[in-house]
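Okay, thanks for squeezing me in. I'll put the thing up on the screen, and then we'll walk through it together.

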Amino acid sequence: DMSWPQNSYSTTQITKRNEEIITMKLTIIAATLATATAFTTPFGVGRVSTAVQAEGDAKINNMIDLDAPKVVNMESVEAGDKKVFCRCWKSGTFPLCDAAHVKHNKENDDNVGPLIVSCAKSEE
């Protein structure tokens, strides 16, 4: 004879606990989304960058794939490797950085720099 063990929790207690768990999960999701949003930039890896306008009508991208409706690049980083990506749209090796931002910064009193992405070595 197999019978289920009896618990001492009332339906009200179980419902209240389930509500607490759901509230906790929603709080964690909201905090995660808020953090992700805070650290996401228009040029972040894994995101598609569309035409971004500077002050006035000046285009930011005036040399990379100008005939394309939007510029999209996909790159991968191997374990133990790093890549340095252009964020000034001036690199002759775009999407990789060639330090063209240094000249841009001097000429425009700007402070743009590259995005450096690294991948930790896998431990075996």
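Let me start with a question: does Asn105 count as buried or exposed? Keep in mind that this is a predicted model. Asn105 counts as buried, because its relative accessibility is 16% and the cut-off for buried is under 20%. Asn105 sits in helix α2, which covers residues 100-108. If you leave out the neighbours within four places in sequence, Asn105 is in contact with Asp110, Asn111 and Val112.

Okay, stepping back to the whole chain. We have two helices and two strands, and reading along the sequence you get α-β-α-β. Of the 124 residues in the protein chain, 14% are buried. The chain exposes about 10400 Å², and carbon and sulfur atoms supply 55% of that. On contacts: take those between residues at least 6 apart in sequence, and 47% of them join residues at least 24 apart.

Now go to helix α1, residues 11-38, where you'll find Ile22. Ile22 joins Leu26, Ile29 and Leu33 in a nonpolar surface patch of about 400 Å².

Next stop is the loop between β1 and α2, and I'll spend a bit of time here. Ser91 is in that loop. Ser91 counts as buried because its relative accessibility is 2%. So what does the side chain of Ser91 reach at 3.3 Å? That would be the backbone nitrogen of Asp98. A polar atom of the Ser91 side chain also lies 2.6 Å from the backbone oxygen of Leu96. Leu96 and Asp98 are both among the contacts of Ser91 too, once you set aside neighbours within four places in sequence. The rest of that list is Met63, Ile64, Cys86, Cys97 and Ala100.

Then there's the aromatic business. How many aromatic pairs does the count come to? One aromatic pair. Trp89 and Phe94 make up that pair, and they're stacked, at 4.8 Å centre to centre with 20° between the planes. Trp89 counts as buried because its relative accessibility is 8%. Phe94 is at 19%, so Phe94 counts as buried as well.

Stay with Phe94 for a second and look at the bond that follows. The peptide bond from Phe94 to Pro95 is cis, with omega near 15°. Pro95 is in the loop between β1 and α2.

On to backbone oddities. Most residues other than glycine have a negative phi, and most peptide bonds are trans. Asp65, which isn't a glycine, has a positive phi of about 45°. You'll find Asp65 in the loop between α1 and β1. Asp109 also isn't a glycine, and Asp109 has a positive phi of about 50°. That residue is in the loop between α2 and β2, with β2 being 115-118. Asp109 counts as exposed, because its relative accessible area is 75% and the cut-off for exposed is over 50%.

Last one, back in helix α2, with Val102. At 38% relative accessibility, Val102 counts as partly exposed. How far apart are the C-alpha atoms of Val102 and Gly113? They're separated by 8.0 Å, with the two residues eleven apart along the chain.

That's my tour. Happy to spin the model around if anyone wants another look.

Technical notes: Residues numbered from 1 in each chain as written. Predicted model: local features only at pLDDT ≥ 70, side-chain atom pairs only at ≥ 80, totals over all residues. Heavy atoms only, no water. Helix = DSSP H or I, 4+ residues; strand = E, 2+ residues; numbered from the N terminus. Buried < 20%, exposed > 50% of the residue type's maximum accessible area, 1.4 Å probe, protein only. Contact = heavy atoms within 4.5 Å. Polar contact = N/O pair within 3.5 Å; in protein donor to acceptor, adjacent residues only side chain to side chain. Patch = residues over 30% accessible without salt bridge, like charges linked within 9 Å, V, L, I, M, F, W, Y side chains within 5 Å. Areas by Shrake-Rupley, 256 points an atom, 1.4 Å probe, with all protein chains shown as cover. Salt bridge = Lys/Arg side-chain N within 4 Å of Asp/Glu carboxyl O. Phe/Tyr/Trp six-rings, centres within 6.5 Å; stacked < 30°, edge-to-face > 60°.
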